[in-house]
Amino acid sequence: MKMCKIEIGKDLKELNNEIAAKNRNSFKLHDIFVLNIMGSPGAGKTTLLENILPLLSEKYHIVVIEGDLATENDAQRIRKTGVTALQINTNGGCHLDAHMIHHEFEKINAAETELIIIENVGNLVCPISFDLGEDLRIVVLSTPEGEDKPLKYPPAMLKTDAVILTKTDLAGYVDVNTEIMKKHITDINPRVCVMESGKINGVYSADKIVSYIKDKIEAKKVF
Amino acid sequence: MHETALIQNLIVVAQKTLEEHNVKRVNSVTLSVGKLSNAMPDALSFAFEAMTQRGSLKGAKLIMKEIPVTVCCLDCGAEYNPLNFPIICPKCNSIYYKITQGEDIFIESLDCEF
(Lines give C-alpha, C1' and ligand atoms only; values in the text may rest on other atoms or scores of the structure.)
Protein backbone atom coordinates (compact mmCIF):
# COMPACT_ATOMS: atom_id res chain seq x y z
CA MET A 1 0.00 0.00 0.00
CA LYS A 2 1.35 3.39 -0.98
CA MET A 3 0.18 6.65 0.61
CA CYS A 4 0.33 9.90 -1.26
CA LYS A 5 -0.82 13.44 -0.86
CA ILE A 6 -2.32 15.13 -3.93
CA GLU A 7 -2.03 18.91 -3.68
CA ILE A 8 -5.02 20.81 -5.13
CA GLY A 9 -5.12 24.39 -3.79
CA LYS A 10 -8.41 25.33 -5.44
CA ASP A 11 -11.07 27.74 -4.22
CA LEU A 12 -14.29 25.87 -3.36
CA LYS A 13 -16.25 28.58 -5.13
CA GLU A 14 -14.24 28.16 -8.32
CA LEU A 15 -17.04 26.42 -10.22
CA ASN A 16 -19.38 29.32 -9.46
CA ASN A 17 -16.67 31.92 -10.10
CA GLU A 18 -15.91 30.49 -13.57
CA ILE A 19 -19.55 30.87 -14.64
CA ALA A 20 -19.72 34.31 -12.98
CA ALA A 21 -16.74 35.40 -15.11
CA LYS A 22 -18.55 34.17 -18.24
CA ASN A 23 -21.69 36.07 -17.19
CA ARG A 24 -19.60 39.21 -16.65
CA ASN A 25 -18.16 38.87 -20.17
CA SER A 26 -21.61 38.42 -21.72
CA PHE A 27 -22.94 41.47 -19.86
CA LYS A 28 -19.96 43.55 -20.99
CA LEU A 29 -20.36 42.40 -24.58
CA HIS A 30 -23.94 43.69 -24.59
CA ASP A 31 -23.21 46.86 -22.55
CA ILE A 32 -25.49 45.71 -19.77
CA PHE A 33 -25.01 46.93 -16.20
CA VAL A 34 -25.93 44.37 -13.53
CA LEU A 35 -26.93 45.13 -9.97
CA ASN A 36 -27.25 42.46 -7.26
CA ILE A 37 -29.51 43.41 -4.34
CA MET A 38 -29.20 41.33 -1.18
CA GLY A 39 -30.68 41.44 2.31
CA SER A 40 -32.69 39.56 4.94
CA PRO A 41 -36.26 38.43 4.21
CA GLY A 42 -38.53 41.42 4.79
CA ALA A 43 -35.73 44.00 4.68
CA GLY A 44 -37.59 45.93 1.99
CA LYS A 45 -35.77 44.88 -1.19
CA THR A 46 -38.89 44.62 -3.36
CA THR A 47 -40.36 47.82 -1.92
CA LEU A 48 -37.10 49.61 -2.73
CA LEU A 49 -37.33 48.30 -6.30
CA GLU A 50 -40.96 49.36 -6.65
CA ASN A 51 -39.88 52.88 -5.75
CA ILE A 52 -36.68 53.20 -7.78
CA LEU A 53 -37.82 51.41 -10.94
CA PRO A 54 -40.18 54.17 -12.15
CA LEU A 55 -37.28 56.65 -11.97
CA LEU A 56 -34.63 54.33 -13.45
CA SER A 57 -36.88 53.09 -16.26
CA GLU A 58 -37.22 56.67 -17.56
CA LYS A 59 -33.60 56.33 -18.64
CA TYR A 60 -32.83 52.61 -19.05
CA HIS A 61 -34.41 49.46 -20.45
CA ILE A 62 -34.52 47.24 -17.38
CA VAL A 63 -35.09 43.57 -16.65
CA VAL A 64 -35.51 42.42 -13.05
CA ILE A 65 -34.64 38.87 -11.96
CA GLU A 66 -36.40 37.89 -8.76
CA GLY A 67 -35.14 35.08 -6.53
CA ASP A 68 -37.39 33.41 -3.98
CA LEU A 69 -37.91 29.92 -2.62
CA ALA A 70 -41.51 29.92 -3.83
CA THR A 71 -44.22 32.02 -5.51
CA GLU A 72 -44.23 34.51 -8.36
CA ASN A 73 -45.40 37.30 -6.01
CA ASP A 74 -42.37 39.57 -6.28
CA ALA A 75 -42.17 39.33 -10.07
CA GLN A 76 -45.85 40.30 -10.20
CA ARG A 77 -45.21 43.32 -7.98
CA ILE A 78 -42.36 44.41 -10.27
CA ARG A 79 -44.45 43.93 -13.45
CA LYS A 80 -47.00 46.38 -12.01
CA THR A 81 -44.33 49.10 -12.35
CA GLY A 82 -44.18 48.31 -16.09
CA VAL A 83 -40.76 46.63 -15.90
CA THR A 84 -40.15 43.11 -17.25
CA ALA A 85 -39.54 40.62 -14.45
CA LEU A 86 -38.39 36.99 -14.42
CA GLN A 87 -38.93 34.84 -11.35
CA ILE A 88 -36.53 32.15 -10.17
CA ASN A 89 -37.94 29.72 -7.60
CA THR A 90 -35.09 27.97 -5.81
CA ASN A 91 -37.41 25.45 -4.10
CA GLY A 92 -35.49 25.66 -0.86
CA GLY A 93 -32.15 26.92 -2.19
CA CYS A 94 -30.84 29.72 0.04
CA HIS A 95 -29.09 31.81 -2.62
CA LEU A 96 -28.86 32.50 -6.34
CA ASP A 97 -25.73 31.25 -8.10
CA ALA A 98 -23.99 32.22 -11.34
CA HIS A 99 -25.43 29.25 -13.21
CA MET A 100 -29.03 30.29 -12.45
CA ILE A 101 -28.30 33.80 -13.72
CA HIS A 102 -26.66 32.40 -16.88
CA HIS A 103 -29.83 30.40 -17.50
CA GLU A 104 -32.13 33.43 -17.00
CA PHE A 105 -29.90 35.62 -19.17
CA GLU A 106 -30.61 33.29 -22.11
CA LYS A 107 -34.30 34.29 -21.85
CA ILE A 108 -33.52 38.03 -21.97
CA ASN A 109 -33.43 40.11 -25.13
CA ALA A 110 -29.87 41.32 -24.51
CA ALA A 111 -29.82 43.81 -27.40
CA GLU A 112 -32.69 45.73 -25.83
CA THR A 113 -31.51 45.58 -22.22
CA GLU A 114 -29.31 48.15 -20.49
CA LEU A 115 -29.78 47.27 -16.85
CA ILE A 116 -30.44 43.97 -15.08
CA ILE A 117 -31.39 44.13 -11.43
CA ILE A 118 -31.18 40.87 -9.51
CA GLU A 119 -33.13 40.65 -6.27
CA ASN A 120 -31.44 37.79 -4.45
CA VAL A 121 -33.15 35.31 -2.13
CA GLY A 122 -33.87 36.94 1.25
CA ASN A 123 -30.88 35.88 3.34
CA LEU A 124 -28.03 37.91 4.81
CA VAL A 125 -25.49 35.06 4.74
CA CYS A 126 -25.37 32.75 1.72
CA PRO A 127 -26.00 35.12 -1.25
CA ILE A 128 -22.99 37.20 -0.16
CA SER A 129 -20.61 34.34 -1.00
CA PHE A 130 -21.76 33.84 -4.59
CA ASP A 131 -20.51 36.08 -7.37
CA LEU A 132 -23.14 36.31 -10.12
CA GLY A 133 -21.09 38.42 -12.53
CA GLU A 134 -22.64 41.66 -11.29
CA ASP A 135 -21.11 45.16 -11.51
CA LEU A 136 -22.57 46.53 -8.30
CA ARG A 137 -23.72 45.05 -5.01
CA ILE A 138 -26.21 46.66 -2.67
CA VAL A 139 -27.17 45.24 0.72
CA VAL A 140 -30.54 46.30 2.11
CA LEU A 141 -30.85 46.43 5.87
CA SER A 142 -34.01 47.56 7.65
CA THR A 143 -33.89 49.48 10.91
CA PRO A 144 -36.37 47.14 12.72
CA GLU A 145 -33.83 44.32 12.26
CA GLY A 146 -31.87 45.92 15.10
CA GLU A 147 -29.14 48.47 15.60
CA ASP A 148 -26.40 45.84 15.96
CA LYS A 149 -27.36 43.76 12.92
CA PRO A 150 -24.30 45.00 10.94
CA LEU A 151 -21.99 43.73 13.71
CA LYS A 152 -23.62 40.30 13.60
CA TYR A 153 -23.17 39.91 9.82
CA PRO A 154 -19.71 41.31 8.94
CA PRO A 155 -19.29 39.58 5.54
CA ALA A 156 -22.52 41.19 4.32
CA MET A 157 -21.12 44.62 5.22
CA LEU A 158 -17.70 43.84 3.73
CA LYS A 159 -18.63 42.32 0.39
CA THR A 160 -20.86 45.09 -0.87
CA ASP A 161 -20.48 48.48 -2.50
CA ALA A 162 -23.38 50.09 -0.68
CA VAL A 163 -25.73 49.50 2.23
CA ILE A 164 -29.22 50.97 2.21
CA LEU A 165 -30.92 51.43 5.57
CA THR A 166 -34.64 51.04 4.93
CA LYS A 167 -37.74 51.78 7.02
CA THR A 168 -35.94 54.69 8.70
CA ASP A 169 -39.39 56.12 9.49
CA LEU A 170 -39.91 53.14 11.82
CA ALA A 171 -36.60 53.51 13.71
CA GLY A 172 -38.14 55.55 16.54
CA TYR A 173 -40.83 52.92 17.11
CA VAL A 174 -38.33 50.08 17.47
CA ASP A 175 -35.78 51.98 19.60
CA VAL A 176 -33.13 52.06 16.89
CA ASN A 177 -30.76 54.98 16.50
CA THR A 178 -29.96 55.10 12.78
CA GLU A 179 -26.74 57.05 13.40
CA ILE A 180 -25.42 54.25 15.67
CA MET A 181 -26.56 51.65 13.14
CA LYS A 182 -24.66 53.52 10.39
CA LYS A 183 -21.56 53.70 12.60
CA HIS A 184 -21.69 49.92 13.06
CA ILE A 185 -21.71 49.56 9.26
CA THR A 186 -18.74 51.88 8.68
CA ASP A 187 -16.84 50.40 11.65
CA ILE A 188 -16.78 47.17 9.66
CA ASN A 189 -16.35 48.69 6.22
CA PRO A 190 -15.19 52.34 6.23
CA ARG A 191 -15.33 52.51 2.42
CA VAL A 192 -18.94 51.39 1.93
CA CYS A 193 -21.55 53.91 0.76
CA VAL A 194 -24.42 54.13 3.27
CA MET A 195 -27.78 55.53 2.18
CA GLU A 196 -31.20 55.76 3.77
CA SER A 197 -34.70 55.15 2.56
CA GLY A 198 -38.01 55.43 4.30
CA LYS A 199 -41.23 57.36 4.17
CA ILE A 200 -41.14 61.08 4.79
CA ASN A 201 -44.68 62.48 5.20
CA GLY A 202 -46.01 59.30 3.64
CA VAL A 203 -43.75 59.52 0.56
CA TYR A 204 -40.96 56.99 -0.01
CA SER A 205 -37.64 58.75 -0.50
CA ALA A 206 -35.25 57.13 -2.97
CA ASP A 207 -33.77 59.98 -5.03
CA LYS A 208 -30.23 59.62 -3.64
CA ILE A 209 -30.26 55.88 -4.32
CA VAL A 210 -31.40 56.43 -7.89
CA SER A 211 -28.60 59.00 -8.44
CA TYR A 212 -26.06 56.62 -6.93
CA ILE A 213 -27.07 53.78 -9.27
CA LYS A 214 -27.16 56.11 -12.31
CA ASP A 215 -23.65 57.40 -11.50
CA LYS A 216 -22.32 53.85 -11.30
CA ILE A 217 -23.92 52.91 -14.63
CA GLU A 218 -22.53 56.00 -16.38
CA ALA A 219 -19.07 55.44 -14.85
CA LYS A 220 -18.98 51.94 -16.34
CA LYS A 221 -19.88 53.33 -19.78
CA VAL A 222 -16.84 55.65 -19.70
CA PHE A 223 -14.44 52.71 -19.44
CA MET B 1 -27.18 26.41 4.33
CA HIS B 2 -24.92 27.07 1.35
CA GLU B 3 -22.38 24.71 2.91
CA THR B 4 -24.06 21.88 0.96
CA ALA B 5 -23.40 23.79 -2.28
CA LEU B 6 -19.76 24.21 -1.26
CA ILE B 7 -19.36 20.50 -0.46
CA GLN B 8 -20.99 19.66 -3.79
CA ASN B 9 -18.24 21.71 -5.47
CA LEU B 10 -15.61 19.98 -3.36
CA ILE B 11 -16.88 16.60 -4.58
CA VAL B 12 -16.77 17.74 -8.23
CA VAL B 13 -13.22 19.13 -7.88
CA ALA B 14 -12.01 16.04 -5.99
CA GLN B 15 -13.53 13.70 -8.58
CA LYS B 16 -11.87 15.59 -11.45
CA THR B 17 -8.53 15.30 -9.66
CA LEU B 18 -9.00 11.60 -8.91
CA GLU B 19 -9.74 10.85 -12.57
CA GLU B 20 -6.15 11.86 -13.33
CA HIS B 21 -4.71 9.50 -10.67
CA ASN B 22 -5.04 5.80 -10.08
CA VAL B 23 -6.27 6.02 -6.49
CA LYS B 24 -7.56 3.11 -4.40
CA ARG B 25 -8.99 5.14 -1.55
CA VAL B 26 -9.15 8.70 -0.28
CA ASN B 27 -8.32 8.82 3.44
CA SER B 28 -8.85 12.49 4.01
CA VAL B 29 -9.61 15.82 2.38
CA THR B 30 -7.96 18.94 3.81
CA LEU B 31 -9.79 22.24 3.60
CA SER B 32 -8.57 25.63 4.71
CA VAL B 33 -11.51 27.70 5.90
CA GLY B 34 -11.14 31.47 6.18
CA LYS B 35 -12.60 33.02 9.31
CA LEU B 36 -14.59 35.45 7.16
CA SER B 37 -15.56 32.86 4.55
CA ASN B 38 -19.18 32.84 5.71
CA ALA B 39 -19.11 29.06 6.06
CA MET B 40 -19.64 27.20 9.30
CA PRO B 41 -17.18 24.34 9.98
CA ASP B 42 -19.87 22.21 11.70
CA ALA B 43 -22.23 22.61 8.75
CA LEU B 44 -19.40 21.75 6.32
CA SER B 45 -18.66 18.57 8.33
CA PHE B 46 -22.30 17.57 8.40
CA ALA B 47 -22.76 18.18 4.66
CA PHE B 48 -19.52 16.31 3.87
CA GLU B 49 -20.58 13.28 5.89
CA ALA B 50 -24.04 13.23 4.35
CA MET B 51 -22.86 13.71 0.78
CA THR B 52 -19.97 11.22 0.77
CA GLN B 53 -21.94 8.15 1.84
CA ARG B 54 -21.13 6.76 -1.58
CA GLY B 55 -18.84 7.67 -4.45
CA SER B 56 -15.10 8.19 -4.63
CA LEU B 57 -14.86 10.05 -1.30
CA LYS B 58 -16.73 7.34 0.66
CA GLY B 59 -15.20 6.93 4.11
CA ALA B 60 -12.85 9.92 3.73
CA LYS B 61 -12.29 12.23 6.69
CA LEU B 62 -12.66 15.99 6.40
CA ILE B 63 -9.83 17.95 8.00
CA MET B 64 -10.38 21.68 8.37
CA LYS B 65 -7.73 24.29 9.08
CA GLU B 66 -9.00 27.67 10.21
CA ILE B 67 -7.32 30.55 8.41
CA PRO B 68 -7.17 33.82 10.38
CA VAL B 69 -8.00 37.14 8.77
CA THR B 70 -5.00 39.05 7.44
CA VAL B 71 -5.32 42.63 6.24
CA CYS B 72 -3.00 45.12 4.62
CA CYS B 73 -3.18 48.75 5.75
CA LEU B 74 -4.01 51.00 2.79
CA ASP B 75 -2.12 53.94 4.33
CA CYS B 76 1.15 52.49 5.65
CA GLY B 77 1.18 49.03 4.08
CA ALA B 78 1.49 47.16 7.38
CA GLU B 79 0.18 43.57 7.38
CA TYR B 80 -1.64 42.48 10.50
CA ASN B 81 -4.22 40.06 11.91
CA PRO B 82 -7.18 42.01 13.30
CA LEU B 83 -9.18 40.29 16.04
CA ASN B 84 -12.28 42.47 16.04
CA PHE B 85 -14.14 45.24 14.25
CA PRO B 86 -13.46 48.13 13.84
CA ILE B 87 -10.19 47.17 12.17
CA ILE B 88 -7.53 49.73 13.09
CA CYS B 89 -3.90 49.57 11.97
CA PRO B 90 -1.63 48.98 15.00
CA LYS B 91 1.14 51.00 13.33
CA CYS B 92 -0.58 54.13 11.99
CA ASN B 93 -4.18 53.90 13.36
CA SER B 94 -5.68 53.98 9.86
CA ILE B 95 -9.15 52.47 9.49
CA TYR B 96 -8.62 51.71 5.79
CA TYR B 97 -7.57 48.18 4.92
CA LYS B 98 -7.71 45.46 2.31
CA ILE B 99 -8.37 41.87 3.32
CA THR B 100 -5.57 39.70 1.93
CA GLN B 101 -6.47 36.38 3.57
CA GLY B 102 -9.33 34.75 5.43
CA GLU B 103 -12.26 35.26 3.05
CA ASP B 104 -11.97 32.05 1.04
CA ILE B 105 -12.25 28.30 1.38
CA PHE B 106 -9.61 26.24 -0.39
CA ILE B 107 -9.32 22.50 -0.96
CA GLU B 108 -5.70 22.06 -0.02
CA SER B 109 -5.07 18.38 -0.65
CA LEU B 110 -6.29 14.80 -0.79
CA ASP B 111 -4.55 12.11 1.25
CA CYS B 112 -4.82 8.95 -0.81
CA GLU B 113 -3.89 5.27 -0.88
CA PHE B 114 -2.62 3.92 -4.18
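In this predicted model, the accessible surface of chain A amounts to about 10,200 Å², and 51% of that area belongs to carbon and sulfur atoms. For chain B, the accessible surface is about 6,200 Å², with 51% likewise belonging to carbon and sulfur atoms. Beneath these surfaces, buried residues account for 52% of the 223 residues in chain A, while 45% of the 114 residues of chain B count as buried.

The charges can be summarised for each chain in turn. Chain A carries 27 positive and 32 negative charges, and the mean positions of the two sets lie 4 Å apart. In chain B, 10 positive and 13 negative charges have mean positions 6 Å apart.

Turning to the fold, chain A contains eight helices and ten strands. Its radius of gyration is 18 Å, close to the 17 Å given by the globule rule for 223 residues, so chain A is as compact as a globular protein of that length. Taken along the principal axes, the box filled by the C-alpha atoms of chain A is roughly 75 × 40 × 40 Å. When contacts in chain A between residues at least 6 apart in sequence are considered, 71% of them join residues at least 24 apart.

Chain B has two helices and six strands, arranged from the N terminus in the order α-β-α-β-β-β-β-β. Its radius of gyration is 18 Å, whereas a compact globule of 114 residues would have a value near 13 Å. The C-alpha trace of chain B spans about 55 × 30 × 15 Å along its principal axes. Among the contacts of chain B with a separation of 6 or more, 69% are between residues 24 or more positions apart.

For a closer view, helix H7 of chain A is a handy place to look. This helix covers residues 178-188, and its buried residues are Thr178(A), Met181(A), His184(A), Ile185(A), Asp187(A) and Ile188(A). The cover over the buried residues of H7(A) comes from both chains. From chain A, it includes strands E6 (136-142), E7 (162-166) and E8 (193-196), along with helices H5 (149-152) and H6 (154-158). Chain B contributes strand E5 (97-101) to this cover. At the start of H7(A), a side-chain oxygen of Asn177(A) comes to within 2.9 Å of the backbone nitrogen of Glu179(A).

Terms used: Residues numbered from 1 in each chain as written. Chains lettered and ligands numbered in written order. Predicted model: local features only at pLDDT ≥ 70, side-chain atom pairs only at ≥ 80, totals over all residues. Heavy atoms only, no water. Helix = DSSP H or I, 4+ residues; strand = E, 2+ residues; numbered from the N terminus. Rg over C-alpha atoms; globule rule 2.2 N^0.38 Å. Buried < 20%, exposed > 50% of the residue type's maximum accessible area, 1.4 Å probe, protein only. Contact = heavy atoms within 4.5 Å. Areas by Shrake-Rupley, 256 points an atom, 1.4 Å probe, with all protein chains shown as cover. Lys, Arg positive; Asp, Glu negative; His and termini not counted. Charge placed at Lys NZ, Arg CZ, Asp CG, Glu CD. Polar contact = N/O pair within 3.5 Å; in protein donor to acceptor, adjacent residues only side chain to side chain.
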